[in-house]
Each structure stands twice: as structure tokens, then as C-alpha cells.
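Open the model in your viewer and keep the sequence panel in sight. We will go from one stop to the next.

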Amino acid sequence: MRSMTKSPMALAYEALIAAQQALAPYSNKYSPHRYTQAQLFALLVLRQFFKTDYRGVIQLLHDFSDLRTILQLRNIPHYSTLCYAEQRLLKKGLLKTC
């Protein structure tokens, strides 16, 4: 039985590790390779955790450098990157709508 966490740092780390094991690093070999699918998945998990929109989770990344460090982000993605990643993961059946 897994315990639930209230720590966004622990959640981000667990989501990143789980996604790294389950997803290919990039959705396409011709993608720009700026962000891995695991990083984007972890950001989408944080979006659900904080119950915010795409812009809200991006603002959290601007405010909390620890989250950027845990997710190994060199740059902060544009909010539309999260939107497209979510659509792609939903299409593949890797995410479910709430």
C-alpha cells in the first residue's frame, strides 16, 4: 500500500521516475528534444496536484527553483507545450480525463 503525499517535491520526483520507466524519452525522433516526455508528464501531474491551469503550473516553476531542479529542467516550457503534451498523452491512452 502506498502512502499519499502532500509534498509537491516528492510527488514531482515520483512522477518523473515513474514516467522515465514507462515512457520513451521523446515522442518523435525529430522532436526538438528540449523536454522529455517524463518531464512533461511530471508537470501535468503537478498541474492536477495544485488544481491549476497550464499557466499556473508554469508560474510555479518560475517561483520554485527546487521544482525545476527535481525535474531537471534547464528552461521553463511555454504553457502551450504542456497543452500539446497532454493532448498527445491522452491520444496515446497514457492519461485519462478527470
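Where is H33 found? Select H33: this residue is in the loop between α1 (8-22) and α2. Keep in mind throughout that this is a predicted model.

**Stop 1: H33**

Check the backbone here. Phi of H33 is near 60 degrees, a positive value in a residue other than glycine. Now show the surface. H33 counts as partly exposed because its relative accessibility is 35%, between the 20% limit for buried and the 50% limit for exposed.

**Stop 2: Q37**

Move along the sequence to Q37, which has its place in helix α2 (residues 37-50). Is Q37 buried or exposed? Q37 is buried: its relative accessible area is 5%, and buried means under 20%. Next, show what touches this side chain and backbone. Leaving out residues up to four places away in sequence, Q37 touches L23, A24, P25, Y26 and S27. Q37 also touches R88, L89 and K92. Of the elements named so far, α1 covers 8-22; helix α5 covers 79-92.

**Stop 3: F49 and F50**

Stay in α2, residues 37-50, and display the rings. The count of aromatic pairs comes to one. F49 and F50 form that pair, and the arrangement is edge-to-face. Their centres are 5.2 Å apart, with 85 degrees between the planes. The label follows because planes over 60 degrees apart count as edge-to-face. How do the two rings' residues sit relative to the surface? F49 is partly exposed at 30% relative accessibility, and F50 is partly exposed at 31%.

**Stop 4: Q72**

Jump to Q72, in the loop between α4 (65-70) and α5 (79-92). Phi of Q72 is positive, about 55 degrees, although the residue is not a glycine. Q72 counts as exposed because its relative accessibility is 52%, and the limit is over 50%.

**Stop 5: the whole chain**

Zoom out and colour by secondary structure. The protein chain has five helices and zero strands, in the order α-α-α-α-α. The C-alpha trace spans about 35 × 35 × 25 Å along its principal axes. The radius of gyration is 13 Å, which agrees with the value near 13 Å for a compact globule of 98 residues. Of these residues, 32% count as buried.

Switch to the surface view. About 6,900 Å² is exposed, with 54% supplied by carbon and sulfur atoms. Finally, colour by charge. There are 13 positive and 5 negative charges, and their mean positions are 10 Å apart.

Terms used: Residues numbered from 1 in each chain as written. Predicted model: local features only at pLDDT ≥ 70, side-chain atom pairs only at ≥ 80, totals over all residues. Heavy atoms only, no water. Helix = DSSP H or I, 4+ residues; strand = E, 2+ residues; numbered from the N terminus. Rg over C-alpha atoms; globule rule 2.2 N^0.38 Å. Buried < 20%, exposed > 50% of the residue type's maximum accessible area, 1.4 Å probe, protein only. Areas by Shrake-Rupley, 256 points an atom, 1.4 Å probe, with all protein chains shown as cover. Lys, Arg positive; Asp, Glu negative; His and termini not counted. Charge placed at Lys NZ, Arg CZ, Asp CG, Glu CD. Phe/Tyr/Trp six-rings, centres within 6.5 Å; stacked < 30°, edge-to-face > 60°. Contact = heavy atoms within 4.5 Å.
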